[in-house]
Amino acid sequence: MNLRHLRCFIAVAEELHFGRAARRLHIEQSPLSRTIRQIEADLGVPLLNRLPRSVRLTPAVQVFLEEARRVLLAFEQAQTKARAAANQRNTLRIALSGDMGQARLSALLALCREEAPQVGIRIFETPLAQLVTGLRNDLYDAGFALAGEMDAGIVAMPVWRDPLVVALPARHPLLAFKEVPLEEVPSYPLVLCDPQVCEGCSRQRERLLRTVDAQPTVAEYVKTHSLMLALVAAGYGVGFSSAAHLAGCHQADVVVRPLADETASLTTYLLRPEGEIMEPLRQFIDRVERVGRPQGTDQRPM
């Protein structure tokens, strides 16, 4: 007896008619009748009383019908779980905390589609705390953040390091410098990312500003890179950014200058749970590193 036999029996028991059951199963009536007789022979128990125009169930059939339905349901649930597990293996769940730079993220996703079209990628935007919780609870396979200080259980791998630049209004005293000294920047109002939204970026920025003996004045805290550029263009203050984040951004009346301090940079980390790295994620990390590598070099990012 197999699952096909059970489906045939359930159809006849529910329809109480061989013809209707055969149409429901898309088979001929004769092989259906033979299947039911084979089931009865295997069980050694008559399941149906055959009448000229219909069938009736014997007392034994109700018990067998309930068990047959239970077996089919268990099999279908097993199929669903197996397919879900297979789909999860073929899908990477990647979380983003903060702005990763539109051009670089687009290049990474395009490279993934080109080299591994069979592996789907789902993107989630989430605060840093939720990203870390999601990694611990198997909600995400990996994530990008601008914070590298993690508790045990989470690996933070620096993958992209970008020199910091300053975004200035079209007419501003700091434009006198081709490379702006960091200690000059806090002399002017700043437009900075909101610490609650861009926690990792704020940590790196605060560490940088602590290296100069000045107390910055914050004109505005913003939640998006585009709003920072808009306020800088309007003359509200000076903003920090990087070439990777500015790629593809075109804001009139904003001039970008590098910082004179070559060590001033913004580091992006790839976060993942500790433990074995599955092959799709390993290949994804390799692509992350290649996208962040300067063109024309084979060096790994710092």
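1. The largest pocket has a volume of about 960 Å³. A pocket here is an open set of points on a 1 Å grid over the protein atoms alone, with protein on both sides within 12 Å along at least five of seven lines. Volumes are the space filled by probe spheres set on the points, which are joined across faces, edges and corners. Please keep in mind that this is a predicted model, in which local features need pLDDT of at least 70 and side-chain atom pairs count only at pLDDT 80 or more, while totals for chains, interfaces and linings use all residues. Residues are numbered from 1 along each chain as its sequence is written, and side-chain values use heavy atoms, with hydrogens and water left out.

2. Who lines this pocket? The lining has 47 residues, and Asp99, Leu146, Cys198, Cys201 and His245 lie nearest the centre. Lining residues are those with an atom within 4 Å of a point. At least two residues each come from α5 (102-115), β7 (190-193), α7, α8 (225-233), β9 (238-242) and β11 (265-273). Helix α7 gives the most, with 7 residues. Helices (H or I, at least four residues) and strands (E, at least two) are DSSP runs, numbered from the N terminus. By class, the lining divides into 24 nonpolar, 17 polar and 6 charged residues. In this scheme Ala, Val, Leu, Ile, Met, Phe, Trp, Tyr, Cys and Pro count as nonpolar, Asp, Glu, Lys and Arg as charged, and the others, Gly among them, as polar.

3. Turning to enclosed space, the whole structure has 2 cavities of 30 Å³ or more. A cavity is a set of grid points where a 1.4 Å probe fits but cannot get out. The largest has a volume of about 50 Å³, and its lining consists of Leu92, Cys112, Ala116, Val119, Ile121, Pro280, Gln283, Phe284 and Arg287. Helix α10 (residues 279-292) is the main contributor, with 4 residues. The classes here are 7 nonpolar, 1 polar and 1 charged.

4. The second largest cavity holds about 30 Å³ of space. Around it you will find Leu146, Ala147, Gly148, Glu149, Gly200, Arg203, Gln204, Arg207 and Tyr269. Helix α7 gives the most to this lining, with 4 residues. By class there are 3 nonpolar, 3 polar and 3 charged residues.

5. Two residues of that second lining, Glu149 and Arg207, deserve a closer look. Their side chains meet in a salt bridge, at 2.8 Å from N to O. Glutamate 149 sits in the loop between β5 and β6 (154-169) and arginine 207 in helix α7 (residues 199-209), so the pair ties together parts 58 residues apart in sequence. A salt bridge is defined as a side-chain nitrogen of Lys or Arg within 4 Å of a carboxyl oxygen of Asp or Glu. Glutamate 149 is partly exposed at 43% relative accessibility, and arginine 207 is partly exposed at 35%. Buried means under 20% relative accessible area, exposed over 50%, and partly exposed in between (1.4 Å probe, protein chains only).

6. How many salt bridges does the structure hold? There are 14. One of them joins arginine 69 and glutamate 14, at 2.8 Å from N to O. This pair links helix α4 (residues 59-89), home of arginine 69, to helix α1 (residues 3-15), home of glutamate 14, across 55 residues. Both partners are partly exposed: arginine 69 at 36% and glutamate 14 at 37%. They also belong to a network of salt bridges that links Glu14, Glu15, Arg20, Arg24 and Arg69.

7. Arginine 93 pairs with aspartate 138 in another salt bridge, with the closest N and O atoms 3.0 Å apart. Arginine 93 is in strand β3 (residues 91-96) and aspartate 138 in the loop between α6 (128-136) and β5 (142-145), so parts 45 residues apart in sequence are tied together. Arginine 93 is buried at 11% relative accessibility, whereas aspartate 138 is partly exposed at 44%.

8. On the surface, Met1, Leu43 and Val45 form a nonpolar patch with about 230 Å² of accessible area together. Patches take residues with over 30% relative accessible area and no salt bridge, joining like charges within 9 Å and nonpolar side chains (Val, Leu, Ile, Met, Phe, Trp, Tyr) within 5 Å. Areas come from the Shrake-Rupley method with a 1.4 Å probe, and for residues only the protein chains shown count as cover. Leucine 43 is found in helix α3 (residues 29-43) and is partly exposed at 34%.
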